[in-house]
Amino acid sequence: YYGRGCCYRLPRNNSARKSHSELFFAIMSTLQHSLHNVYKASVETLMSVPSSSTYATTGKLTPSEFTMAGDYLTQVAPTWCWSGGDPSLSKSFLPAEKQMLVTRGVPCLRRARDLEAAAAIPEKVLESMLGKSGSASGGGDDENDDDDDGFLEVADAVAAATGVPSTSAGGSGGGASAANDNDAIPDLPDDEEEKKAGAVADDDDDDDDDIPDMDDFDASADLAVLPPPPPTSSKSENSSGFVATRTYDIYVTYDKFYQTPRIWLFGYDEQRQPLPTAALLEDVSAEHSLKTCTVESHPHLKCHATSIHPCRHADVMKRLTHQLGDASLDDSEQEQAASEPTTPVEHYMILFLKFAQTVLPTLEYDFTRSA
């Protein structure tokens, strides 16, 4: 309920009030974002192109440093390449053939909520498992059974969180029930075992007569050699529970206003149909999906795309480049070395992609672990 004289009042119903509040804040957020884009475009037309490096002090890049870091990325990770984009949108401060970095067909096998659900496993389950395994130093069979039960509890908890069926028989008590079933099986007398062994030996002598002749084999009746059925259309998640494999095209551009790289996403379903924004946000961590992801005009393509807003990129990259010190140095030497970045500017893009993996945890694009 707004004050007297206000042109908009919230209804008294709680549910309706909540929906009206969400709509109001969504409109205000869109308006604020639009005004910021107008301000940003105006400033970019007036500001000069940065030429002096401030990488060590601010974590920002000049266009030449962006090109240098991109060249190194394409060398160590051939899945990335340079692209010129639309010539009419080319930026004069970047080479014509090096306007942006792109990698295509990036697989996305799971949704981000699956990883978050697995991370939300109750800690007491893990603690019980670790406690049981730690107390088994001098135990016997009972303690080993406890360890198995603890492992099965964790497996069942992961299965419940991610929706993947557990391999344990009968849930968390599957190990104990299987052990009880084995104890309930009676042992055969010695004479019965000898009779059974003799019967098996007699059956082995007759196995040669059961082998069919290859001349009588009809290959057309064997399902294993029949041609596969034609592919059928499937949705993002079919009735059998298998999640379709999404793919992404990822672009990295240079943002002149923030002087940092910026990531743009184009998502596709299994049939290479574009993903709507709501479905694309399913592959972004919940912490960032509604805060740093925006839909804007691509700077080098005549279309709109989902982007990770770069307003905090420089601060994060400055901390990362200064914190990755040499493990062989002692504390005093590391503090002295922390005043300067320990990562060369050529490695900036590799470190930037690893930082972006926290926002896009299920996109498998990072193949630079050995770089």
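**Lys 40 and some aromatic pairs**

Student: At 11% relative accessibility, does Lys 40 count as buried or exposed?
Tutor: Keep in mind that this is a predicted model. Lys 40 has a relative accessibility of 11%, and the cut-off for buried is under 20%. So Lys 40 counts as buried.

Student: Which side chains make a polar contact with the side chain of Lys 40?
Tutor: Start in helix α1, residues 14-46, where Lys 40 has its place. Its side chain makes one polar contact at 3.4 Å, with the side chain of Asp 255. Another, at 2.9 Å, goes to the side chain of Glu 44.

Student: Tyr 39 and Phe 257 form an aromatic pair, but of what kind?
Tutor: Okay, let's look at the angle: there are 80 degrees between the planes, with 6.2 Å centre to centre. Planes over 60 degrees apart get a particular label, so the pair of Tyr 39 and Phe 257 is edge-to-face.

Student: How many residues apart in sequence are the parts that this pair ties together?
Tutor: Tyr 39 lies in helix α1, while Phe 257 sits in the loop between β3 (246-255) and β4 (260-268). So the pair ties together parts whose separation in sequence is 218 residues.

Student: Which residues do ring pairs link into a cluster with Phe 93?
Tutor: One pair joins Phe 93 edge-to-face with Tyr 254, at 6.0 Å centre to centre. Phe 93 lies in the loop between β1 (81-83) and β2 (100-108), and Tyr 254 in strand β3. Together with Phe 93, the cluster holds Phe 66, Trp 82 and Tyr 254.

Technical notes. Residues numbered from 1 in each chain as written. Predicted model: local features only at pLDDT ≥ 70, side-chain atom pairs only at ≥ 80, totals over all residues. Heavy atoms only, no water. Helix = DSSP H or I, 4+ residues; strand = E, 2+ residues; numbered from the N terminus. Buried < 20%, exposed > 50% of the residue type's maximum accessible area, 1.4 Å probe, protein only. Polar contact = N/O pair within 3.5 Å; in protein donor to acceptor, adjacent residues only side chain to side chain. Phe/Tyr/Trp six-rings, centres within 6.5 Å; stacked < 30°, edge-to-face > 60°.
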